Amino acid sequence: MWRVADMFIIFGAFMSISICRLVMASAAALTLASCGGGGDVAGGGGDMSLSPSDYSISIGEGSECGVASIAPPVVVTIVGGQPPFQIINSHPGALVVDRAVATGKNPMFLVSYSASATVCTNPGTITVLDYNSRVAVFTYNVKRD
């Protein structure tokens, strides 16, 4: 038979385990709440910008605009805003953009100059529009020396 003293020992052990679980669960919840969450998307609100926001290349006087295509593609990172990001190329005959939509944790896109460009765009612009209709603009300049 169980004695009353044995019952208190067993009950006390269960209480200390329950209190320990409660303390650990509270600590875990507090840690998760203080880290700000996370997720697989960038931004979440606030201002939106591009890094870099502009790029310039100089070509020789009298050179064809397509010479600008020798420059490596520019990696443009979208900072802030809310995905998905629509990427709108205002000069598709001269500027080449690798995608029309950017999403994910580190949204970015590549911009380069077309080797077959017949018109020099100065400046050429890429407009980025986020889910909340915020706008950021990337400018690509081709300058003649």
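One helix and nine strands make up this chain. The model is predicted. Along the sequence, the elements run α-β-β-β-β-β-β-β-β-β. Strand β9 (135–144) recurs throughout this briefing: β9 pairs with β2 in the parallel sense, pairs with β8 in the antiparallel sense, and gives the most residues to the largest nonpolar core.

**Whole chain**

- The chain has 145 residues, and 28% of them count as buried.
- Its exposed surface is about 9000 Å². Carbon and sulfur atoms supply 62% of that area.
- Take the contacts between residues at least 6 apart in sequence: 67% of them join residues at least 24 apart.

**The open sheet**

- Five strands form an open sheet. Their order is β2-β9-β8-β4-β6, and the pairing is mixed.
- β2 and β6 (101–102) stand at the edges. Each has a single partner strand, so one side of each lacks a neighbour in the sheet.
- β2 and β9 are joined in the parallel sense over six bridges.
- Two residues of β2 (54–59) illustrate this pairing. I57 stands opposite V142 in β9, and I59 has R144 in β9 as its bridge partner.
- β8 and β9 are also joined over six bridges, here in the antiparallel sense. I126 stands opposite F138 in β9.

**The β8–β9 hairpin and its loop**

- β8 (124–129) and β9 (135–144) form a hairpin. Five residues lie between them.
- S133 sits in the turn and has a positive phi of about 65°.
- Y131 lies in the loop between β8 and β9. Y131 counts as exposed because its relative accessible area is 59%, and the cut-off is over 50%.
- Beyond its neighbours within four places in sequence, Y131 is in contact with Q82, P83 and P84.
- The C-alpha atoms of Y131 and F85 are separated by 6.5 Å, although the two residues are 46 apart along the chain.

**The nonpolar core**

- The largest nonpolar core holds 26 residues. F109, V111, Y113 and Y140 touch the most other members.
- Eight strands each supply at least two residues of this core: β1 (45–51), β2 (54–59), β3 (74–81), β4 (85–89), β5 (95–97), β7 (108–113), β8 and β9.
- β9 gives the most, with four residues.
- Y140 is buried, with a relative accessible area of 0%.
- Leaving out residues up to four places away in sequence, Y140 touches Y55, I57, A68, A71, V74, L95, V111, Y113, T121, P123 and G124.
- Two of these contacts, V111 and Y113, are themselves among the core residues that touch the most other members.

**Aromatic rings**

- The structure holds two aromatic pairs.
- One of them joins Y55 and Y140. The ring centres are 5.1 Å apart and the planes meet at 50°.
- This pair counts as tilted because 50° is neither under 30 degrees, the cut-off for stacked, nor over 60, the cut-off for edge-to-face.
- The pair links distant parts of the chain. Y55 is in strand β2, Y140 is in strand β9, and 85 residues separate them.
- Y55 is partly exposed, at 23% relative accessibility, whereas Y140 is buried at 0%.
- Y55, Y113 and Y140 form one aromatic cluster.

**Salt bridges**

- Side chains of opposite charge can pair when their charged atoms come close.
- A search of the whole structure finds two salt bridges.
- R99 forms a salt bridge with D98. The closest N and O atoms are 3.0 Å apart.
- R99 is partly exposed, with a relative accessible area of 38%. D98 is partly exposed, with a relative accessible area of 38%.
- D130 forms a salt bridge with R134. The closest N and O atoms are 2.9 Å apart.
- D130 counts as buried because its relative accessible area is 4%, and buried means under 20%.
- R134 is partly exposed, at 24% relative accessibility.

Notes:
Residues numbered from 1 in each chain as written. Predicted model: local features only at pLDDT ≥ 70, side-chain atom pairs only at ≥ 80, totals over all residues. Heavy atoms only, no water. Buried < 20%, exposed > 50% of the residue type's maximum accessible area, 1.4 Å probe, protein only. Contact = heavy atoms within 4.5 Å. Core = buried A, V, L, I, M, F, W, Y, C linked by side-chain atoms within 4.5 Å. Pairing = 2+ DSSP bridges. Areas by Shrake-Rupley, 256 points an atom, 1.4 Å probe, with all protein chains shown as cover. Phe/Tyr/Trp six-rings, centres within 6.5 Å; stacked < 30°, edge-to-face > 60°. Salt bridge = Lys/Arg side-chain N within 4 Å of Asp/Glu carboxyl O.
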